[in-house]
Amino acid sequence: MAAIAPVSTADLLALIKRSNVLPTARLVALPGPESLSDDPRRAAAELVQKKFLTKFQSTQLLAGRYKGFRIGPYVVQDLLGRGGMGAVYLGQHLELNRKVAIKVLAPVRGEVQQLATERFLREARAAAALDHPNIVRVFDVARHNDTPYLVMEFVDGETLQETLDRDGSVPPEVAAEYIAQAASGLQHAHERGFIHRDIKPGNLIRDRFGVVKVLDMGLARSGSEEDKLTEVLDRGAVVGTADFISPEQAINAPNIDGRADIYSLGATLFTLLVGKTPFDGNTTQKLIQHQMKDAPAIADLKPDLPEGLPEIVTRMLAKKASDRYQTAAEVITALEPWAGHSSHVATGLSRTKVGQSSSRHSAVGWSSYGSSNRLRAVPLGAKPADSGELDLSNAGKATIALSGAETARSRTPVVVPVPVRDVPVEPVTVTPRRAGSGGMGLVVGLAFGMLVAGMLIGWLAFAR
Ligand SMILES: Nc1ncnc2c1ncn2[C@@H]1O[C@H](COP(=O)(O)OP(=O)(O)OP(=O)(O)O)[C@@H](O)[C@H]1O
């Protein structure tokens, strides 16, 4: 049923009550129509000012949309962004007032459902096992009608992609420190058998205190039995982001390891320093270039870089994994001249085996550390269902798809070692106020992967 916008302040107040957007204590204190403007828009602005509503809530309510504000014990306060897997909302716990980020799986239909749900649960499983200051914490995963949502640490800051969008590039010392922090989180993940597989500026988020955290373990893959199931679901598909993907991921090589993340981290460092990604072109061209072409000499593009830094980027971007730094800890060591002073790096490192090892000096040459285009796994011909998303950037025209979101049914027995509770949720599906890097997401299937692999094999044979 189409949403009906409130035409009076009384209508607006009735909608607020229906929406469940306010806990009982606040609802009781809600001003009556007599103490608010007659104009519902002005009344809503007054309620925002008095902190009864957030701007996001007010926009939705003024457009007549009142469902979907409650996700389990959380009230949706804002839309933080949207990625390839779903929307991310700012939520506030009703009782505890704690702010969290809630990722709700995008509605999908058909064969894709199962895959998407498996991946979402994998994200929860992967991220919940990780406990590190440079990795976004996962608190909980829950679902309603098989639509899962993930509750994670809310990072009040911006992704490095947003930094790039605003500033163009990042000063070398700052870039080195960001990458060293991310490497610290990755070292922790790699030590536990997880490979992120989609490291890029959009998946590194920096908080107000300068701590960089790895986001979106959605593609993380462990060597566990359960993950072999999802590996089967992923069969034949290339997964990663074309601008940052490692050569081995680009041909969907089996048994990739943490060095694939090191390559993507190198592509991220390149992008932070230069302000553009290593390779241009369409997705296919980028994949082939990651395979075969050396990244442009960074020293030519950016002649004023500190001595030694271009070589580090080049080594991270080596085509052969064996020519790269072999561990994320080695990357941190290499970046030490610029990031060695960072307490954020030191803190993160202390949570890795390397940082805790008494023999770390000899192990990795430690000295001063103390203590877009996403290629998604979707069967050929399958299309993501229409999520009913609309543009929220123009608040006046914004609409929201509320109830009736497609449910994602998992038919594969996946063990999720984090609490899974059945609680009501009506996912609010909207377009973000700013496009996430997931907007660059692309979907390719088996045929594409085979095409690229075939081209590469042909080329290699020819080159010989
Ligand atoms: N824990 C969080 N705290 C604050 N903001 C977040 C958090 N998680 C995600 N966001 C915001 O939501 C946006 C979308 O995140 P998400 O991880 O779903 O997608 P993405 O990484 O941009 O795209 P894709 O998943 O397709 O790679 C991010 O760009 C970020 O702005």
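Two strands count as paired here if DSSP finds at least two bridges between them. Keep that in mind for the views below, which come from a predicted model.

**View 1. Hairpin of β2 and β3.** Strands β2 and β3 run antiparallel and are joined by seven bridges. The two make a hairpin, with three residues between them. If you want one rung of this ladder to look at, take L79, whose bridge partner in β3 is Y89.

**View 2. Hairpin of β1 and β2.** Strand β2 (residues 74-82) also pairs with strand β1 (residues 70-71), again in the antiparallel sense, this time over two bridges. One of the bridge pairs is R70 with V75 in β2. Just two residues sit between β1 and β2 in this hairpin, and G72 in the turn has a positive phi of about 55 degrees.

**View 3. H93 and its surroundings.** H93 belongs to strand β3, which covers residues 86-93. Is H93 buried, exposed or partly exposed? It comes out as partly exposed, because 15 other C-beta atoms lie within 10 Å, while a buried residue would need 20 or more and an exposed one 12 or fewer. Leaving aside residues up to four places away in sequence, H93 touches P73, Y74, R98 and V100. The turn residue G72 is 21 residues away from H93 in sequence, yet the C-alpha to C-alpha distance is 8.9 Å.

**View 4. The sheet β7-β8-β9.** Here three strands form an open sheet in the order β7-β8-β9, with antiparallel pairing. β7 (157-159) and β9 (212-214) are at the edges with a single partner strand each, so one side of each has no neighbour in the sheet. On average, neighbouring strands of this sheet are turned by 25 degrees against each other, direction ignored. Between β7 and strand β8 (residues 204-207) there are three bridges, and E158 stands opposite R206 in β8. Helix α6 (residues 160-167) packs on the sheet, where it touches β7 and β8. The direction of α6 makes about 85 degrees with that of β7.

**View 5. Helix α1 and what covers it.** Which residues of helix α1 (residues 9-19) are buried? They are T9, L12, L13, L15 and I16. Seen down the axis of α1, these buried residues fall within an arc of 160 degrees, so they line one face of the helix. As a reminder, an α-helix has 3.6 residues a turn, so residues three or four places apart point the same way. The cover over the buried residues of α1 includes α3 (40-49) and α4 (55-62). Right after α1 comes N20, with a positive phi near 65 degrees.

**View 6. The largest nonpolar core.** This core has 101 residues, and those with the most contacts inside it are I102, I179, L265, M316, V331 and L335. Helix α10 (residues 258-274) gives the most to this core, namely ten residues. For a closer look, pick I179: beyond residues up to four places away in sequence, I179 touches L265, T268, L269 and L335.

**View 7. Stretches of low confidence.** The mean pLDDT of the protein is 75, with 69% of its residues at 70 or more. Over residues 222-236 the pLDDT is below 50, and this stretch has 23 contacts in the model beyond near neighbours in sequence. Residues 358-450 are also below 50, with 220 such contacts. Where pLDDT is low, the predicted coordinates should not be read in detail. For the complex, the predictor gives an ipTM of 0.96 and a pTM of 0.75.

Note on methods. Residues numbered from 1 in each chain as written. Predicted model: local features only at pLDDT ≥ 70, side-chain atom pairs only at ≥ 80, totals over all residues. Helix = DSSP H or I, 4+ residues; strand = E, 2+ residues; numbered from the N terminus. Contact = placed C-beta atoms within 7 Å. pLDDT = per-residue confidence, 0-100. Core = buried A, V, L, I, M, F, W, Y, C linked by C-beta atoms within 7 Å. Axes fitted to C-alpha atoms, helices over the stretch in contact; angles between N-to-C directions. Arc of directions from axis to C-beta.
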